[in-house]
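Trainee: Got a minute to go through this one with me? I'd like to ask a few quick things as we look.

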Amino acid sequence: FGEQVIRLAARLDPPKPIPAEVKTTDEGAPFALRQRKDIHRIVVIEEFWREESGWWDTPVRRDYYRVILDDGSHCNLFFDCVAKAWFVDRRWFVLRAS
C-alpha cells in the first residue's frame with residue numbers, strides 16, 4: 001500500500017465497541033445476541049479471555065468471548081465488568097471456498 005497509506009491508517013482510531021443486548025446462562029456465559037431487531041443464537045464459544053489494566057488510572061476489566069452465531073458470522077463480545085454492560089467489539093463473516 002505504500003508508506004503514506006500506512007502512516008495515515010496509523011492515525012485513525014479503532015472502531016468503537018457497539019452496545020449490545022446479550023442473554024446469558026446462569027453461569028454468565030453468553031448464549032444469544034440481539035442487534036437491532038435481529039436475535040442470533042450463539043452456537044459455539046471459541047475462546048474466552050479476561051483483560052484487566054489501568055488499575056492506576058482508569059480501570060478496565062473485561063471478559064471477552066469469541067463466538068460463532070447461528071447465521072455463520074463470527075463475533076467478539078465483551079462484558080465490561082466496571083460498566084456492567086455488553087458490547088460487540090468485532091463481527092465478521094468467514095467466506096468458504098466452494
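Trainee: First up, is K84 buried or exposed?

Mentor: K84 counts as exposed, because its relative accessibility is 60%, and the cut-off for exposed is over 50%. Keep in mind that this is a predicted model.

Trainee: Okay, and where does K84 lie?

Mentor: K84 lies in the loop between β5 and β6. Its phi is near 55°, which is a positive value in a residue other than glycine.

Trainee: What about R36, what is its phi near?

Mentor: The phi of R36 is near 55°, again positive in a residue that isn't glycine. R36 lies in the loop between β2 (30-35) and β3 (38-53).

Trainee: Buried or exposed, that R36?

Mentor: Exposed: R36 has a relative accessible area of 74%.

Trainee: Let's go inside. Which residues make up the largest nonpolar core?

Mentor: There are 11 residues in the largest nonpolar core: A20, V22, L33, I42, Y65, V67, L69, C75, L77, W86 and V88. Four strands each supply at least two residues of this core, namely β1 (18-24), β4, β5 (73-80) and β6.

Trainee: Which strand gives the most to this core?

Mentor: That's β4, with three residues. As a rule of thumb, nonpolar side chains tend to be buried together in soluble globular proteins.

Trainee: Take L77 from that core. Which residues does L77 touch, leaving out those up to four places away in sequence?

Mentor: L77 touches P30, L33, I42, D63, Y64, Y65, V67, W86, F87 and V88. Of those, L33, I42, Y65, V67, W86 and V88 are also listed in the core.

Trainee: There's a cysteine in the core too. How many disulfides does the structure hold?

Mentor: Zero. C75 is in no disulfide, and the nearest cysteine sulfur, that of C81, is 17 Å away. C81 is likewise in no disulfide, with the sulfur of C75 as the nearest cysteine sulfur at 17 Å. A pair of cysteine sulfurs has to be within 2.5 Å to count, so zero is the result here.

Trainee: And are those cysteines buried or exposed?

Mentor: C75 counts as buried, at 0% relative accessibility. C81 is buried as well, with a relative accessible area of 10%.

Trainee: Switching to histidines. Where is H74 found, and which residues is it in contact with beyond its sequence neighbours?

Mentor: H74 is found in strand β5. Leaving aside neighbours within four places in sequence, H74 is in contact with E46, V67, I68, R90, R91, W92 and V94. H74 counts as buried, at 9% relative accessibility.

Trainee: How about H40, where does it lie?

Mentor: H40 lies in strand β3. At 12% relative accessibility, H40 counts as buried, since the cut-off is under 20%. Not counting residues up to four places away in sequence, H40 touches F31, A32, L33, L69, D70, D71 and R91.

Trainee: What separates the C-alpha atoms of H40 and V22?

Mentor: They are separated by 9.6 Å, while sitting 18 residues apart along the chain.

Trainee: Now pockets. Which residues line the largest pocket?

Mentor: D13, P14, P15, K16, P17, R62, Y64, D89 and R90 line it. The elements that give two or more residues to this lining are β4 (60-69) and β6 (85-93).

Trainee: How does that lining divide into nonpolar, polar and charged?

Mentor: Four residues are nonpolar, none is polar and five are charged.

Trainee: And how much space lies in that pocket?

Mentor: About 170 Å³.

Trainee: Last topic, the helix. Where is E3 found, and how far is it from G28?

Mentor: E3 is found in helix α1 (residues 3-11). The C-alpha atoms of E3 and G28 are separated by 45 Å, with the two residues 25 apart along the chain. E3 is exposed, with a relative accessible area of 53%.

Trainee: What about Q4 and P30, how far apart in space?

Mentor: Q4 and P30 are 41 Å apart, C-alpha to C-alpha, and 26 residues apart in sequence. Q4 is in helix α1 too, and Q4 is exposed, with a relative accessible area of 60%.

How values were computed. Residues are numbered from 1 along each chain as its sequence is written. This is a predicted model: local features need pLDDT of at least 70, side-chain atom pairs count only at pLDDT 80 or more; totals for chains, interfaces and linings use all residues. Side-chain values use heavy atoms; hydrogens and water are left out. On a 1 Å grid over the protein atoms alone, a cavity is a set of points where a 1.4 Å probe fits but cannot get out, and a pocket is an open set with protein on both sides within 12 Å along at least five of seven lines; lining residues have an atom within 4 Å of a point. Grid points are joined across faces, edges and corners, and a volume is the space filled by probe spheres set on the points. Ala, Val, Leu, Ile, Met, Phe, Trp, Tyr, Cys and Pro count as nonpolar, Asp, Glu, Lys and Arg as charged, and the others, Gly among them, as polar. A nonpolar core is a set of buried Ala, Val, Leu, Ile, Met, Phe, Trp, Tyr and Cys residues joined through side-chain atoms within 4.5 Å. Buried means under 20% relative accessible area, exposed over 50%, partly exposed in between (1.4 Å probe, protein chains only). Contact means heavy atoms within 4.5 Å.
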